[in-house]
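Okay, thanks everyone, I'll keep this short. Have a look at the model on the screen, and then I'll talk through it.

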Amino acid sequence: MKTIALAGNPNSGKTTLFNALTGSRQHTGNWPGVTVEKKEGRLKNHEDILIQDLPGIYSLSPYTLEEVVSRAYLVKEQPDVVLDIVDGTNIERNLYLTTQLLELNLPVVLAVNMADMVRASGNTLDLKKLSAVLGCPAISISALKKEGLDELTAELAKPQPTGHRPDIFDAQVLQALEEIQKLLADKVPPQSLYWYAVKAFERDERVLEELHLDPEQTRRMEAIVTKVEKEYDDDAESILTTQRYDYIERILAGCFTKRRRPPA
Ligand SMILES: Nc1nc2c(ncn2[C@@H]2O[C@H](COP(=O)(O)OP(=O)(O)OP(=O)(O)O)[C@@H](O)[C@H]2O)c(=O)[nH]1
Ligand SMILES: [Mg+2]
């Protein structure tokens, strides 16, 4: 059974897409130990493909129940594909989560939703270019108007390779992440090593708890992180957030065009 995890920001159209892709044959329950709704269903005309709806999230931080549930599923259950739905009318903000999903070392398929509204806005988004820079398929859809769903379904049914990791962070951060990966190499599954390194760099409490570093390892980790913090005069989490948004700005400059207002 191939499993596809549906992830995206709150209000990006997840439920509308989930219902359109699965029809009515879905199961609703709760995630273990929490009251966040859990839904799974089969992809229409593809009985062997399960779609798992994840709670809506803005990032893979550990601050809300939704974030904890979604990231635990993605990291621990290792779905075969992550279907990342983004609101095309709010692409800059939505791609923030995308940058994090691309670090999981799982194949990602990007569904850029609200195509009808994007069209009406007069803005244009070059999905070929976006797909090329992100290293994953990007498909324009309208979950509400049921546009692009056949193409999306066909993409989901294909075997999806893991894409390349986009160039989000600068050399200093990458150097620190390299060192952290060496430190954590025998503590986490190899396919998730980079994701754990990013989270450890951010001093993510849940990840640090899970890692059980000994005092010497903790000291070395802190030395790596503090060095970068001093260089930037900023805390580790903000450094990564800033670089993620800089990255998004860079790539959108190459593929997003705002409507030109007609001369007055
Ligand atoms: N115009 C337009 N509206 C859409 C589209 N897809 C979803 N919507 C609308 O956007 C709103 C949010 O859609 P939902 O499917 O509830 O989004 P969600 O991600 O499940 O939201 P939460 O569960 O609250 O996080 C609803 O009013 C939908 O009808 C679309 O392609 N075009
Ligand atoms: Mg919903």
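So, K76 and E210: their side chains meet in a salt bridge, N to O, at 2.5 Å. By salt bridge I mean a side-chain nitrogen of Lys or Arg within 4 Å of a carboxyl oxygen of Asp or Glu. Between domain 1 and domain 2 the count is three salt bridges.

Before going on, some housekeeping. This is a predicted model, where local features need pLDDT of at least 70 and side-chain atom pairs count only at pLDDT 80 or more, while totals for chains, interfaces and linings use all residues. Residues are numbered from 1 along each chain as its sequence is written, chains are lettered from A and ligands numbered from 1 in the order written, and side-chain values use heavy atoms, with hydrogens and water left out.

Now, the domains. Domain 1 is 2–157 and domain 2 is 171–249; those bounds come from an automatic or database domain assignment. Their C-alpha centres lie 27 Å apart.

How many residues are in contact across the two domains? It's 20 from domain 1 and 17 from domain 2, with contact meaning heavy atoms within 4.5 Å. Together the domains bury about 1800 Å², 50% of it on carbon and sulfur atoms. Buried area here is the accessible area, with a 1.4 Å probe, that two parts lose on being put together, summed over both. In domain 1, R71, Y96 and E103 lose the most area to domain 2, together 33% of what that side buries.

The interface also has 11 residue pairs in polar contact, both residues at pLDDT 80 or more. A polar contact is a pair of N or O atoms within 3.5 Å; within protein, one must be able to donate a hydrogen and the other to accept it, and residues adjacent in sequence count only if both atoms are side-chain atoms.

Last stop, ligand 1. Which residues are closest to ligand 1? K14, T15, T16, D116 and S142, out of 15 that surround the ligand, taking near as a heavy atom within 4 Å. A polar backbone atom of K14 is 2.9 Å from a ligand oxygen. On D116, a side-chain N or O atom sits 2.8 Å from a nitrogen of the ligand. And a polar backbone atom of L144 is 3.4 Å from a ligand oxygen.
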